[in-house]
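Here are some exercises to work through with the model open beside you. Try each task on your own, then go through the solution step by step.

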Amino acid sequence: MSAPAIGTGPGRALLAVYGLFALAAGARATVQIATRFAEAPIAYTLSAFAAAVYVVLTVALARGARRLALWALGIELAGVLIIGTASLLDPAAFPDETVWSVYGKGYLFIPLVLPLVGLYWLRRRR
């Protein structure tokens, strides 16, 4: 008997959160890039990248693409840890926050917890 699809049951909540984050981060990055890109190009580009990762995760979870979801979760976790640490060590390099700045502080640290929950969920769905 095969395991249930990764985007079903409680996985739907994870799918919904990633969809919401894709919309929120994407909208924020779009407005920032369109209106103030020169103020913080690195931060706004990183926010757009985070939004793209969230879109990939939403699609991967919805389609049950486990391998793609694992890769995207790894990229997300690495991004949160690297950007979070860099934004603490060199705040001047980030004149405006990204989704992953200070480990997602602007988003109630959900970007830090979310990939861990996603990895746990995928591990359980094996």
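Helices (H or I, at least four residues) and strands (E, at least two) are DSSP runs, numbered from the N terminus. The model is a predicted one, where local features need pLDDT of at least 70 and side-chain atom pairs count only at pLDDT 80 or more, while totals for chains, interfaces and linings use all residues. Residues are numbered from 1 along each chain as its sequence is written, and side-chain values use heavy atoms, with hydrogens and water left out.

**Exercise 1: a warm-up with G9**

Task: Find where G9 sits, work out how exposed G9 is, and give the separation of the C-alpha atoms of G9 and F109.

Solution:
- Step 1. Look in the segment before helix 1; that's where G9 is found.
- Step 2. Sort residues by relative accessible area: buried is under 20%, exposed is over 50%, and partly exposed is in between (1.4 Å probe, protein chains only). G9 has 47%, so G9 is partly exposed.
- Step 3. Go 100 residues along the chain from G9 to F109; their C-alpha atoms are separated by 24 Å.

**Exercise 2: salt bridges**

Task: Which side chains meet R36 in a salt bridge, and which parts of the chain does the pair of R36 and D96 tie together?

Solution:
- Step 1. Get the rule straight: a salt bridge needs a side-chain nitrogen of Lys or Arg within 4 Å of a carboxyl oxygen of Asp or Glu. Counting this way gives two salt bridges.
- Step 2. Take E39: its side chain meets that of R36 at 3.9 Å, N to O.
- Step 3. Now take D96: the closest N and O atoms of R36 and D96 are 3.2 Å apart. R36 belongs to helix 1 (residues 11-36), and D96 to the loop between helix 3 (66-89) and helix 4 (110-124), so this pair ties together parts that are 60 residues apart in sequence.
- Step 4. Put them together: R36, E39 and D96 are linked in a network of salt bridges.
- Step 5. Check exposure. R36 is partly exposed at 33%, E39 is exposed at 53%, and D96, at 22%, counts as partly exposed.

**Exercise 3: aromatic rings around F21**

Task: How are the rings of F21 and Y54 arranged, and how are those of F21 and Y107?

Solution:
- Step 1. A pair of aromatic rings is described by the distance of the centres and the angle of the planes. Rings of Phe, Tyr and Trp (its six-membered ring) pair if their centres lie within 6.5 Å; planes under 30 degrees apart are stacked, over 60 edge-to-face, and the rest tilted. The count by this rule is five aromatic pairs.
- Step 2. For F21 and Y54, the centres are 5.5 Å apart and the planes make 75°, which is edge-to-face. This pair links distant parts of the chain, with F21 in helix 1 and Y54 in helix 2 (residues 41-63), 33 residues apart. F21 and Y54 are both buried.
- Step 3. For F21 and Y107, the centres are 5.6 Å apart and the planes are at 45°, so the pair is tilted. It links distant parts too: F21 is in helix 1 and Y107 is in the loop between helix 3 and helix 4, 86 residues apart. Y107 is buried, and so is F21.
- Step 4. Zoom out: Y18, F21, F49, Y54, W100 and Y107 form one aromatic cluster.

**Exercise 4: helix 1 against helix 4**

Task: At what angle do helix 1 and helix 4 pack, and which residues meet?

Solution:
- Step 1. Axes are lines fitted to C-alpha atoms, for helices over the stretch in contact, and angles run from 0 to 180 degrees between N-to-C directions. Here the angle is about 145°, with the axes 11 Å apart.
- Step 2. Contact means heavy atoms within 4.5 Å. On the helix 1 side you'll find G11, L14, V17, Y18 and F21, which meet I110, P111, L114, P115, V117, G118 and W121 in helix 4.
- Step 3. Sort them: Ala, Val, Leu, Ile, Met, Phe, Trp, Tyr, Cys and Pro count as nonpolar, Asp, Glu, Lys and Arg as charged, and the others, Gly among them, as polar. The contact of helix 1 with helix 4 has 10 nonpolar residues, two polar and no charged.

**Exercise 5: positive phi**

Task: What is the phi of L108, and what is that of F109?

Solution:
- Step 1. Most residues other than glycine have a negative phi.
- Step 2. L108 isn't a glycine, yet its phi is positive, near 60°. F109 isn't a glycine either, and its phi is positive at about 65°.
- Step 3. Place them: L108 is in the loop between helix 3 and helix 4, and F109 is in the loop between helix 3 and helix 4.
- Step 4. L108 is exposed at 69%, whereas F109, at 39%, is partly exposed.
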